[in-house]
Amino acid sequence: MSTTPSILVVGLGGAGCGMVSRIATNLPSVVRVALVDTDASVLNTTAGQEIFQIGRPLTRGMGTAGEVTVGQTAIEADEPALRRLFTGYSLVVLVTGLGGGMGSGGAAPLANIALDAGATVLSFATIPFSHEGERRKRQATEALEKLSAKSHGLVVVENDLLALQVPAEASLSAAFSAADEWIAGSLRALASVFTPGALVPVDPAALKTILEKPGSPTLFSYGVGQGSGAALVAAKAACDSSLAHGPGAITKVGSLFVQVTGGLNMSATDAFEAV
């Protein structure tokens with residue numbers, strides 16, 4: 001049975017590349033991974049199936065220094081190569097951190113290239129911690145509005161909320177690990193829907209029936225359960241996640257897409273109760 005990748009996950013900028021690189025080995029075979037950045041030092045320390053260093057004449061292999069216009073120009077300068085990257089994929093998942101130059105300046109133009117290639121675009125964007133300063137917060141807010149207009153679905157991940165997922169005395173790396181695991185779990189759940197051999201297989205293009213047009217605010221969550229009634233426990237965990245109840249959380253939805261994955265012993269009743 002073919003396991004040709006049908007989903008492309010793209011990490012953009014330092015934060016996006018780092019996050020996607022750390023979770024890449026835990027993603028199913030139907031997912032292809034690509035990393036995009038101007039900074040050679042970032043790309044040299046990350047692992048991806050495809051690595052695109054963009055804007056070389058502009059940045060000479062360095063970062064954007066937090067300048068939004070540099071990030072935007074770098075994407076535009078290498079548009080032909082990036083357009084080829086998206087060819088043939090019905091679903092593109094863009095993961096980036098907003099606030100700096102590459103993510104804030106490049107996310108919307110990159111998503112637009114994927115849109116023009118005919119893909120459904122689902123974006124995960126992290127928002128800076130509140131202590132990172134007004135400039136980064138402002139750049140993230142402005143970039144978020146632009147990215148929303150170019151994404152069929154936009155999942156906003158508040159770093160401040162992610163920090164609450166670990167004890168106050170936990171290390172900074174533990175906080176970032178929580179972010180990695182949340183996004184990785186969400187992507188694994190999404191990819192499992194399209195994995196060959198699924199009991200109810202779905203074409204990635206089917207997401208277009210739910211995310212009909214760019215600009216849809218999107219809530220994404222997942223949960224894990226074990227033991228008796230595990231599916232229902234997982235469903236409740238997904239609903240109770242603090243990430244689903246943060247500032248600006250969606251309170252009314254037009255469509256709901258539910259995926260339940262379990263072992264061979266999971267009963268139909270368990271799955272139906274979870275849904």
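This briefing covers confidence, pockets, nonpolar cores and a few individual residues. The model is predicted. Its pLDDT averages 85, and 92% of the residues score at least 70. The largest pocket has a volume of about 1,600 Å³. The largest nonpolar core has 32 residues. Helix 9 (172-193) gives residues to the lining of that pocket, and helix 9 also gives the most to that core, with eight residues.

**Confidence**

- Confidence peaks in helix 6 (residues 101-116), at a mean of 96.
- Strand 7 has the lowest confidence, at a mean of 70.
- Where pLDDT is low, the predicted coordinates should not be read in detail.
- Strand 7 (216-217) also gives two or more residues to the lining of the largest pocket.

**Largest pocket**

- The volume is about 1,600 Å³.
- The lining of the largest pocket has 47 residues.
- Nearest the centre of the largest pocket lie Ser221, Leu256, Phe257, Val258 and Gln259.
- Four elements give two or more residues to this lining: helix 9, strand 7, helix 10 (230-240) and helix 11 (268-274).
- Helix 9 supplies the largest share of the lining of the largest pocket, seven residues.
- By class, the lining of the largest pocket holds 28 nonpolar, 15 polar and four charged residues.

**Second largest pocket**

- This pocket holds about 560 Å³ of space.
- Its lining has 20 residues, and Leu199, Val200, Val260, Thr261 and Met266 are the closest to the centre.
- Helix 9 and helix 11 each give at least two residues to the lining of the second largest pocket.
- Here the largest share comes from helix 11, with three residues.
- The lining of the second largest pocket has 14 nonpolar and six polar residues, and no charged residues.

**Nonpolar cores**

- In the largest nonpolar core, of 32 residues, Val93 and Phe124 have the most contacts.
- The strands that give two or more residues to this core are strand 1 (7-12), strand 2 (31-37), strand 4 (91-97), strand 5 (120-127) and strand 6 (153-158).
- The helices that do so are helix 1 (13-23), helix 2 (40-43) and helix 9.
- Helix 9 is the biggest contributor to this core, with eight residues.
- Beyond its neighbours within four places in sequence, Val93 is in contact with Ile7, Leu8, Val9 and Val10, and with Leu122 and Phe124.
- Val93 is also in contact with Leu187 and Leu190.
- Another core, of 31 residues, lies apart from the largest one and includes Phe86, Val92, Ile113 and Ala140.

**Helix 1**

- Helix 1 is mostly covered, with eight of its eleven residues buried.
- The buried residues of helix 1 are Gly13, Gly16, Cys17, Gly18, Met19, Val20, Ser21 and Ile23.

**Ala114 in helix 6**

- Ala114 sits in helix 6.
- Ala114 counts as buried because its relative accessible area is 1%, and the cut-off for buried is under 20%.
- Outside its neighbours within four places in sequence, Ala114 is in contact with Phe86, Val92, Ala119 and Val121.
- Of these contacts, Phe86 and Val92 are among the residues of the 31-residue core.
- Ser151 is 37 residues from Ala114 in sequence, and their C-alpha atoms are 9.2 Å apart in space.

**Lys137 in helix 7**

- Lys137 belongs to helix 7 (residues 134-149).
- Lys137 is partly exposed, at a relative accessible area of 32%.
- Leaving aside its neighbours within four places in sequence, Lys137 is in contact with Ile127 and Glu158.
- The C-alpha atoms of Lys137 and Val224 are separated by 32 Å, and the two residues are 87 residues apart along the chain.

**Positive phi between helix 3 and helix 4**

- Arg60 lies in the loop between helix 3 (56-59) and helix 4 (68-77).
- Arg60 is not a glycine, yet has a positive phi of about 55°.
- Arg60 is exposed, with a relative accessible area of 74%.
- Ala65 is also in the loop between helix 3 and helix 4.
- Ala65 is not a glycine either, and has a positive phi of about 60°.
- Ala65 counts as exposed because its relative accessible area is 70%, and the cut-off for exposed is over 50%.

Definitions and conventions. Residues numbered from 1 in each chain as written. Predicted model: local features only at pLDDT ≥ 70, side-chain atom pairs only at ≥ 80, totals over all residues. Heavy atoms only, no water. 1 Å grid on protein atoms, 1.4 Å probe; cavity = no way out; pocket = protein on both sides within 12 Å on 5 of 7 lines; lining within 4 Å. Points joined across faces, edges and corners; volume = space filled by probe spheres on them. Nonpolar A, V, L, I, M, F, W, Y, C, P; charged D, E, K, R; others polar. pLDDT = per-residue confidence, 0-100. Core = buried A, V, L, I, M, F, W, Y, C linked by side-chain atoms within 4.5 Å. Buried < 20%, exposed > 50% of the residue type's maximum accessible area, 1.4 Å probe, protein only. Contact = heavy atoms within 4.5 Å.
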